[in-house]
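Here are some worked exercises to go through with the model open beside you. Try each task before reading its solution.

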Amino acid sequence: MSEGPAFEFVDDVTSDLSFVARGATLPEVFRAAAEALLHATLAAPEMLRAVERRRVELAEPDLELLLLRFLNELVYLRDAEALLLRPGELQLEQTPAGDRLVAELAGERIDPARHVFLCEVKAATAHGLAVVAGPDGYRATVTLDV
Amino acid sequence: MAAPSAIQRIAPMVWELGIGHRPGMRVPVRVFANEKLLAEMDEKVFEQAANVATLPGIVEASYCMPDAHWGYGFPIGGVAAMDVRSGVISPGGIGFDINCGMRLVRTDLTWPELEPVLRELVDALAERVPAGVGRDGFVRLDPDGFREVLVQGARWAVAQGYGTSDDLARTEAGGCFAAADPECVSERAVKRGLRQLGTLGSGNHYLEVQVLHAEGVFDAELARAFGLDRPEQVVVMFHCGSRGFGHQVATDYLHDFLRAMPERFGLPVIDRELACAPFDSQPGRDYYAAMCCAANMSFANRQVILHRIREVFSDVFGRSPESLGIRQIYDVAHNTAKLEEHGSGRSRRKLLVHRKGATRAFPPGHPELPAEYRETGQPVIIGGSMETGSYLMAGVEGGDGAFFSTAHGSGRTMSRTRARKLVRGRELQDRMAARGILVRSSSMRGLAEEAGIAYKDVDEVAAVSEAAGLSRRVAHLLPVGNVKG
């Protein structure tokens, strides 16, 4: 998929927000999912400045749970540290024992004067959660509790 | 949207899917609805309720309230009681927003007194009750102080001067779930919730100024007993929960249970959001204790918000809250699991009752009700959409069709994405203003998602709840001002 990270919100669930994220590689699809989360949260995510940095390391038995943990880590950092972050470099390692993600995150602290919020995502959920490989790369389906 | 063809009507307002509907069901599914509400329920409601019916230790039936709709794991509007020895506890049966609930407050004020200052009042409420993303609460705590909140709930808030003992008496469980143990809560959950005490949140959370018109009174005697005793009376209703803290508790344990189910408990995972653990196990007891902490955080949250509301009314009207007759009618949760005794005689037993988007509705005479409501039955607060109004109802004799539970709100019929395609937030705000309802929202998109067309007809939900014998209508309350998270 030469156009890079991409996502679209889909009209799937009655209560909340679902999206499909795509990427040629697994790091790309994880990045696209993080971008979808940011677009669900913020009115002008392109204005987010990269002035605060965090590094997260996560390990899970499978890719879907790893994506869930990753998105919920971003939700956690928004509430616990008032940080809005997007991933820079992502390293994803798959082993028979499980999958591991190292993500360099960059963004800024919440500033009510600059940031217009669309909604407060409470959590990424396991409902309908899927990460599947196809001819054009990977596709992730995620539902956000809002 | 369609109910399965196998569904059978077993009473005028009760429908049943037998245990043969899908493999593994231990009890039937029972849905409280009329034809219209049944037809409006999404297919997932029946699938999810049938999944719940497979859970170990479930007793009697997997119930759906009249406002049921799709949820995570359990449907919203789902009620499931578990045997405390053989049954499970499931975060999906409680919801991410643990002890999301409603609080209703009466005043001596009437609409003619409020109308000249409505804009000032709603603007002040929007300014002083933080709502939306990233707004800190006005209560500053360190982690140890926050853990006190988790243990004491609304009692902590009252001890700090944010309310009265009368508020506690008129709160479910006195505003404190006694089994709370902060040792069972992660540091991450504490850190996430630390700055959020005294915040409304977003999504479908709101604070509404409402008026009870004469035509909204269904039962004048009960209305008077609840403090609704004058024409065009002004009340305040608000809806919020345990904020990021509760979400983190749910997320933490959902994750732990998913791993433990196959490895430790030998339980199949039929839906990841239906993750569970035996209640009589260390992980099950730990989650229950953590869930009680989140319930207490939520009671405290609504208590300190009530304090702010009293301050705002007092400032705007230049009178004390007491002289304005501001008094809580009730605070009731609709996302919890509780240990309760049900049945009679030799069949009486202790059960863990999951209510997710369902309200406890104890009948007159129930020993857990405060003296004020021992004869009336428990007040039940049903939040409608911001356009259609809400209901005050009451628990009834014989209302044990689903372990003394009833509906909690309107229930969505439309996704947020679809609602946004059909409604523009600014236009909705203008339209509501033209109808005399002032709306203040931190997000125009969020406002559009909460439009009345996205919800079931609350009048129908309330009427069916009454017809099904779950609770009775007392008063229909119409909004005049809304602060949306």
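## Exercise 1: Two sheets in chain A

Strand β6(A) and strand β7 (residues 137-145) of chain A form an antiparallel pair with 8 bridges. Please bear in mind throughout that the model is predicted.

**Task.** In what order do the strands of the sheet with β6 of chain A lie, and which of them are the edge strands?

**Solution.**
- Start from a single pair of residues: A:Ala133 stands opposite A:Tyr138 in β7(A).
- Now widen the view. The open sheet has 4 strands, in the order β1-β2-β7-β6 of chain A, with antiparallel pairing.
- The edges are β1 (6-10) and β6 (123-134) of chain A, each of which pairs on one side only.
- From one strand to the next, the twist averages 20°.
- Helix α1(A) packs on this sheet, where it touches β1, β2 (17-23), β6 and β7 of chain A. The direction of α1(A) makes about 150° with that of β2(A).

**Task.** Do likewise for the sheet with the order β3-β5-β4 in chain A: which strands are its edges?

**Solution.**
- This open sheet is built of 3 strands, β3-β5-β4 of chain A, and its pairing is antiparallel.
- β3 (52-60) and β4 (83-95) of chain A are the edge strands, as each pairs on one side only.
- The average twist from one strand to the next is 15°.
- β4(A) pairs with strand β5 (residues 98-109) of chain A in the antiparallel sense, over 11 bridges. Within β5(A), A:Leu105 is the bridge partner of A:Pro87.
- α1(A) packs on this sheet too, touching β4 and β5 of chain A, and its direction makes about 155° with that of β4(A).
- Helix α2(A) lies across β3, β4 and β5 of chain A and runs at about 150° to β3(A).

## Exercise 2: A helix pair

**Task.** Describe how α1(A) and α2(A) cross, and which residues make the contact.

**Solution.**
- Two numbers are needed, because packed helices are described by the angle between their axes and the distance between the axes.
- For helix α1 (residues 26-41) and helix α2 (residues 63-80) of chain A, the axes come within 10 Å and cross at roughly 35°.
- The crossing of α1(A) and α2(A) is right-handed.
- From α1(A) come A:Phe30, A:Ala33, A:Ala34 and A:Leu37, and from α2(A) come A:Leu67, A:Phe70, A:Leu71 and A:Leu74.
- Sorted by class, the contact has 8 nonpolar residues, no polar ones and no charged ones.

## Exercise 3: A covered strand in chain B

**Task.** Are the two faces of β8(B) buried or exposed?

**Solution.**
- In a regular strand, side chains alternate between the two faces of the sheet.
- One side of β8(B) holds B:Tyr206, B:Glu208, B:Gln210 and B:Leu212, and the other holds B:Leu207, B:Val209 and B:Val211; all are buried.
- The count for strand β8 (residues 206-212) of chain B is therefore 7 of 7 residues buried.
- β8(B) is joined by 7 bridges to strand β9 (residues 233-240) of chain B, running antiparallel; B:Leu212 stands opposite B:Gln233 there.
- β8(B) also pairs antiparallel with strand β19 (residues 471-484) of chain B, over 6 bridges. In β19(B), B:Val483 stands opposite B:Leu207.

**Task.** Why does B:Val211 count as buried?

**Solution.**
- B:Val211 has 22 other C-beta atoms within 10 Å. The cut-off is 20 or more, so B:Val211 is buried.
- Leaving out residues up to four places away in sequence, B:Val211 touches B:Trp111, B:Glu232, B:Gln233, B:Val234, B:Leu478 and B:Val480.

## Exercise 4: A helix length check

**Task.** What span should helix α11 of chain B have, at 1.5 Å a residue?

**Solution.**
- Helix α11 (residues 282-317) of chain B has 36 residues, so the expected span is 52 Å.
- The end C-alpha atoms of α11(B) are 53 Å apart, which agrees.
- α11(B) is mostly covered, with 27 of its 36 residues buried.
- After α11(B) comes B:Gly318, with a positive phi near 65°.

## Exercise 5: Where the chains meet

**Task.** How many residues of chain B are in contact with chain A, and which helix gives the most?

**Solution.**
- In chain B, 31 residues are in contact with 28 residues of chain A.
- α10(B) gives the most to this side of chain B, with 4 residues.
- By class, the side of chain B that touches chain A has 5 nonpolar, 15 polar and 11 charged residues.

Conventions
Residues numbered from 1 in each chain as written. Chains lettered and ligands numbered in written order. Predicted model: local features only at pLDDT ≥ 70, side-chain atom pairs only at ≥ 80, totals over all residues. Expected span 1.5 Å × (residues − 1). Buried ≥ 20, exposed ≤ 12 C-beta atoms within 10 Å, placed from the backbone. Contact = placed C-beta atoms within 7 Å. Nonpolar A, V, L, I, M, F, W, Y, C, P; charged D, E, K, R; others polar. Axes fitted to C-alpha atoms, helices over the stretch in contact; angles between N-to-C directions. Left-handed = near helix turned anticlockwise from the far one by under 90°. Pairing = 2+ DSSP bridges.
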